[in-house]
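Subject: Handing over a structure, with notes

Dear colleague,

I am passing the structure below on to you, together with some notes on what was found in it. Please look through it once before reading on, and keep it open beside the text.

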Amino acid sequence: MSNSILKFNHMTTLDRIDYALLRLLRKNARLPNKDLAGKVGIAQSTALERVRKLREDKVLLGYHAEIAPQAIGIGLQAMVSVRLAKHSRALVDGFHAHLLALPEVLACYHVAGADDFLVHVGVRNSDHLRNFTLTAFTEREEVAHIETRLIFEFQRNSELPPWPIADAD
């Protein structure tokens, strides 16, 4: 594949300009279209149309606000590794749906390896964490094992991998 085009799916290809727009939006999703166009070196109408197409093609999935955890009562964060007892699709899908319904779950990852899920949780304090892990995980029949790790610091990386992500044929 040429270094000037990156294939996203069967219908969408990204070029260096699309990628530059994505990098800027990843760092600041509130960047005005005028500034976005100026930083990439394209017309404002072109920037607007490209961003619209990236949304339409589901390359851009949304815009999110980064919220200070303490401001909403989260005093403690943890990563909980969860190992399921069995791995039928129904159990895995059911457990995943269970996680997404819990307000303490900030993010969840279905992973390969010794554990099946990594769950990022935000709670008020250690008592809340203890009670949450007991009710949300250990009391569930499909859960065989959990391991909890406290998060001392969390920072999201606003960078994207360098262009191109892959050099596949």
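At what angle do α2 and α3 pack, and how far apart are their axes? The angle is about 100°, and the axes lie 8 Å apart, so that α2 is roughly perpendicular to α3. Please bear in mind, here and throughout, that this is a predicted model. On the α2 side the residues that meet the other helix are Asn33, Lys34, Leu36 and Ala37, and their counterparts in α3 are Gln44, Ala47, Leu48 and Val51.

Helix α2, which covers residues 33–40, also packs with α1, residues 16–27, and here the angle is about 130° with the axes 10 Å apart. Because angles that are neither roughly parallel, roughly antiparallel nor roughly perpendicular count as oblique, α1 is oblique to α2. The crossing of these two helices, α1 and α2, is right-handed, and the contact is made by Ile17, Ala20, Leu21, Leu24 and Leu25 from α1 together with Leu36, Lys39 and Val40 from α2. Leu36 thus appears in the contact with α1 and again in the meeting with α3.

In the loop between α1 and α2 you will find Ala29, which counts as partly exposed because its relative accessibility is 32%. The C-alpha atom of Ala29 is separated by 35 Å from that of Phe137, and the two residues are 108 places apart along the chain.

Phe137 brings us to the nonpolar interior. The largest nonpolar core has 21 residues, and those that touch the most other members are Val82, Phe95, Leu99, Phe117, Val119, Val121 and Phe137. At least two residues of this core come from each of β3 (76–84), α4 (89–100), β4 (105–110), β5 (117–123), α5 (126–138) and β6 (143–151), and β3 gives the most, with five. A second core, separate from this one, has 14 residues, among them Leu25, Ile42, Val51 and Val59. Two of these names have been met already, since Leu25 takes part in the contact of α1 with α2 and Val51 is one of the α3 residues that meet α2.

Within the largest core, Val119 is a useful residue to look at in detail. Setting aside neighbours within four places in sequence, Val119 is in contact with Ala78, Met79, Val80, Val82, Leu99, Val105, Ala107, Cys108 and Phe137.

Helix α5 has His128, Leu129, Phe132, Thr133, Ala136 and Phe137 as its buried residues, and these pack against β3, α4, β4, β5 and β6. The N-terminal end of α5 is capped by Asn125, where a side-chain oxygen lies 3.1 Å from the backbone nitrogen of Asp127.

Strand β3 also holds Gln77, which counts as buried because its relative accessibility is 14%. Which side chain does that of Gln77 reach in a polar contact? The partner is the side chain of His120, at 2.6 Å. Not counting residues up to four places away in sequence, Gln77 touches Pro69, Leu106, His120, Val121, Gly122, Arg149, Leu150 and Ile151.

Leu91, in helix α4, is partly exposed, because its relative accessible area is 28%. Apart from residues up to four places away in sequence, Leu91 touches Lys86 and Glu142. Leu91 and Val143 are 52 residues apart in sequence, while their C-alpha atoms are 9.8 Å apart in space.

Finally, the loop between α3 and β3 deserves a look. Is Asp57, which is found in this loop, buried or exposed? Asp57 is buried, because its relative accessible area is 17%, and a polar contact of 2.7 Å joins its side chain to that of Lys53. Lys58 has its place in the loop between α3 (44–56) and β3 as well, but counts as exposed because its relative accessibility is 57%. Most residues other than glycine have a negative phi. Lys58, although not a glycine, has a positive phi of about 60°.

With best wishes

Note on methods. Residues numbered from 1 in each chain as written. Predicted model: local features only at pLDDT ≥ 70, side-chain atom pairs only at ≥ 80, totals over all residues. Heavy atoms only, no water. Core = buried A, V, L, I, M, F, W, Y, C linked by side-chain atoms within 4.5 Å. Buried < 20%, exposed > 50% of the residue type's maximum accessible area, 1.4 Å probe, protein only. Helix = DSSP H or I, 4+ residues; strand = E, 2+ residues; numbered from the N terminus. Contact = heavy atoms within 4.5 Å. Polar contact = N/O pair within 3.5 Å; in protein donor to acceptor, adjacent residues only side chain to side chain. Axes fitted to C-alpha atoms, helices over the stretch in contact; angles between N-to-C directions. Parallel < 35°, antiparallel > 145°, perpendicular 65-115°, else oblique. Left-handed = near helix turned anticlockwise from the far one by under 90°.
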